[in-house]
Amino acid sequence: MAISIFNLFSIGIGPSSSHTVGPMRAALMFVKELKENQQLSLTEQIVVELYGSLALTGKGHCTDIAVLMGLEGETPEGVDPGSIDVRLEAIRREQRIHLLKHKWIPFAEERNLKFHMDKQLPTHPNGMRFTAYDAAGNEINQHVYYSVGGGFIVKHEEAASKSSVLEEKNHPLPYPFKTAGELLEHCSRENKSIRDIVLANEMTWRSNEEITQGVLKIWDVMKECVERGIEKEGVLPGGLKVRRRARDIYLKLASKSPEASRDPVSFLEWVSLWALAVNEENANGGRVVTAPTNGAAGVIPAVLHYYTRLTDHPTEDGIVTFFLVAGAIGILYKEGASISAAEMGCMGEVGVACSMAAAGLAAALGGSDMQVENAAEIGMEHNLGLTCDPVMGLVQIPCIERNTMGAIKAINASVLALNGDGIHRVSLDHVIATMRETGHNMKHIYKETSLGGLAANVPEC
C-alpha cells in the first residue's frame, strides 16, 4: 500500500479523527456512491448504525453531527465549523436532511441514527453501517465501513487487506518500506537520508515545489490553530465544564521580564501552551490538522513551534524536513500497528505523535538517520501501554493535557538521541511490534470506550 504523508497530515475539524473526520468521510462516500449508481433519486430513507467505540463515545466525539454533515455533502477539510450548529438545529427542527445538497429526505435521529452500544462489528471497534431504502421500504444499497484512525476509512470488503480509501493499492514507489529496517536499508544502499527517501516517494504524487507548498500550508493551518486557541476564552462544550486555559497562560508568559524568560523551565511552559491551544480548539470542534489523529493534534505543532522559536537558526527547509521525516515514522506505525485509539489505546495517538515529533525534530536539527530512528524509538518506548479513557467520551480530560506531555517527551527523546551516536539496543521496529502486541492485549475498556480508567473513576458532575 502506498501512503502519502499528506494522508497523515490532513486538514479537518475536531474533536476526533476516528470519531468525527472518519464518519464524515464514510457518510459522504456512501451518498456519493448512491449518486454514482443512480440510486440517489430513489432514496427515501437512510439508516445509519454505529457500533463499538463509535457508539460508546460517539456523542462526546460528535460522531452524530459528523455523519449528518457528511450525508449533506461536507468534507472535514471543507466544512465551515461556524455553520454546523445552525445547520444541525435545522435538521433536528425540520426532521429532514439534504443529501449531497441535492435531495431532501425525512431524517429523525431517534429512528435513522442508531447507537448500538452493546454490539461490535467484526474487524475493528469503530464500525458503522449505512443502509438506503426506497419509497416502498426496499433496501437499495448498504455498506459497512470502519474508521481505523487518523480519518482513514476502510470498507468491510477491504478490511481483510487493511487497505483504505486514503491508500493506493497499485501506486508504485521508488523506495517502498513497511519497517524502519527497510527504510534505513534504502538510506544505506542509496546513500540518502530519510528525508531524501520520503521526498522521492512523495514526488510520485507531486512536484518538489508542490510538496514544499503543501507542507507549508499545513504548517500555516497549525499556526493559525495555535493563534485561535490563544485568543479564545470560555468553557468547552460537552458538560464537563472544562475552562480554556491557553489564553491566561499566554498572558502570563508574555508579561514575564527577559530575565524570567531565561529560566530553563520557561520553554516547558511555552511548549505546553502551544499544545494546549491546539487541543482546546480541537475539543471545541475547530479547524485542526490531523497529526496523525485529532486527539493528538497538539503534539507536532507544539514541537514545531519549539523548533522555529526556541532553537538556533531554524529554517524553512528544516520545517519541510520535519514533516517528511515525521510522516515516514507515522507510515511505519500505520503499516506495523495502528494509529487508532480504539485498537491501541492512546499510545496509538499521543504515543505515535510523540514518536513522529521526536524523529522530525531530530532530523530538523541535523541528526543522522540512526539518531532520528533512535529518537522515534525513545518517543514510543515511554508511551507503551498508554490508555485511552476520555471522561464522558469527550476529547478533553485527560486528552488536552496529555498532548502537552507528549510534546515535552518528544523534545526530550530528540535531545537524548542527539546526545548519542545513534547506536542503541532497542530498535524502532521492536517498539512498534511491542506496541501492536500491547494494544491487542489491552482490555477493551481502556481503548476509547469510556468504560474504564479515568472515565470510570472521575465523577461526571
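Here are a few worked exercises on the predicted model above.

**Exercise 1. Where does Gly-379 sit, and which residues does Gly-379 touch beyond its sequence neighbours?**

Step 1: start with the secondary structure. Gly-379 belongs to helix H17, which covers residues 369-381.

Step 2: check the accessibility. The relative accessible area of Gly-379 is 3%, and the cut-off for buried is under 20%, so Gly-379 is buried.

Step 3: list the contacts. Leaving out residues up to four places away in sequence, Gly-379 touches Gly-351, Cys-354, Ser-355 and Ala-413.

Step 4: take one of those partners and look at the backbone. Gly-351 is 28 residues from Gly-379 along the chain, and their C-alpha atoms are 7.1 Å apart.

**Exercise 2. How many disulfides does the structure hold, and why do Cys-346 and Cys-354 not form one?**

Step 1: recall what we're after. A disulfide is a covalent bond between the sulfur atoms of two cysteines.

Step 2: get the count, which is 0.

Step 3: try Cys-346. Its closest cysteine sulfur is the one in Cys-388, at 5.7 Å. The cut-off is 2.5 Å, so that sulfur is too far away for a bond.

Step 4: try Cys-354. Here the closest cysteine sulfur is in Cys-346, 11 Å away, so again there is no bond.

Step 5: add the surroundings. Cys-346 is buried at 9% relative accessibility, and Cys-354 is buried too, at 0%.

**Exercise 3. How do helices H16 and H18 pack, and which residues meet?**

Step 1: decide what to look up. Two packed helices are described by the angle between their axes and the distance between the axes.

Step 2: read off both values. The axes of H16 (residues 350-364) and H18 (residues 399-418) come within 8 Å and cross at roughly 40°.

Step 3: classify the angle. The pair is therefore oblique, and the crossing is right-handed.

Step 4: name the residues. H16 brings Val-350, Cys-354, Ala-357, Ala-358, Leu-361 and Ala-362. From H18 come Arg-402, Asn-403, Gly-406, Lys-409, Ala-410, Ile-411, Ala-413, Ser-414 and Leu-418.

Step 5: sort them by class. This contact has 10 nonpolar, 3 polar and 2 charged residues.

Step 6: link back to Exercise 1. Cys-354 of H16 and Ala-413 of H18 take part in this contact, and both also touch Gly-379.

**Exercise 4. What is the arrangement of helices H13 and H14?**

Step 1: take the geometry. H13 (residues 299-310) and H14 (residues 316-336) pack at an angle of about 150°, and their axes are 11 Å apart.

Step 2: classify. Angles over 145 degrees count as roughly antiparallel, so H13 and H14 are roughly antiparallel to each other. Their crossing is right-handed.

Step 3: go through the contact. Ile-300, Val-303, Leu-304, Tyr-307 and Thr-308 in H13 face up to Gly-318, Ile-319, Phe-322 and Phe-323 in H14, which they meet.

Step 4: count the classes. There are 7 nonpolar residues, 2 polar ones and no charged ones in the contact.

**Exercise 5. Which peptide bonds before Pro-15 and Pro-292 are these, cis or trans, and what sign does phi have at Leu-100 and Lys-241?**

Step 1: set the background. Most residues other than glycine have a negative phi, and most peptide bonds are trans.

Step 2: look at the prolines. The bond from Gly-14 to Pro-15 is cis, with omega near 10°, and the one from Ala-291 to Pro-292 is cis as well, with omega near -5°.

Step 3: place them. Pro-15 is in the loop between strand E1 (10-13) and helix H2 (17-36), while Pro-292 is in the loop between strand E9 (287-290) and H13.

Step 4: turn to phi. Leu-100 isn't a glycine, yet its phi is positive, about 55°; Leu-100 lies between strands E3 (96-99) and E4 (103-106), in the loop. Lys-241 likewise has a positive phi, about 60°, in the loop between helices H9 (208-231) and H10 (246-254).

Step 5: finish with accessibility. Lys-241 is exposed, because its relative accessible area is 70% and the cut-off is over 50%.

Conventions
Residues numbered from 1 in each chain as written. Predicted model: local features only at pLDDT ≥ 70, side-chain atom pairs only at ≥ 80, totals over all residues. Heavy atoms only, no water. Helix = DSSP H or I, 4+ residues; strand = E, 2+ residues; numbered from the N terminus. Buried < 20%, exposed > 50% of the residue type's maximum accessible area, 1.4 Å probe, protein only. Contact = heavy atoms within 4.5 Å. Axes fitted to C-alpha atoms, helices over the stretch in contact; angles between N-to-C directions. Parallel < 35°, antiparallel > 145°, perpendicular 65-115°, else oblique. Left-handed = near helix turned anticlockwise from the far one by under 90°. Nonpolar A, V, L, I, M, F, W, Y, C, P; charged D, E, K, R; others polar.
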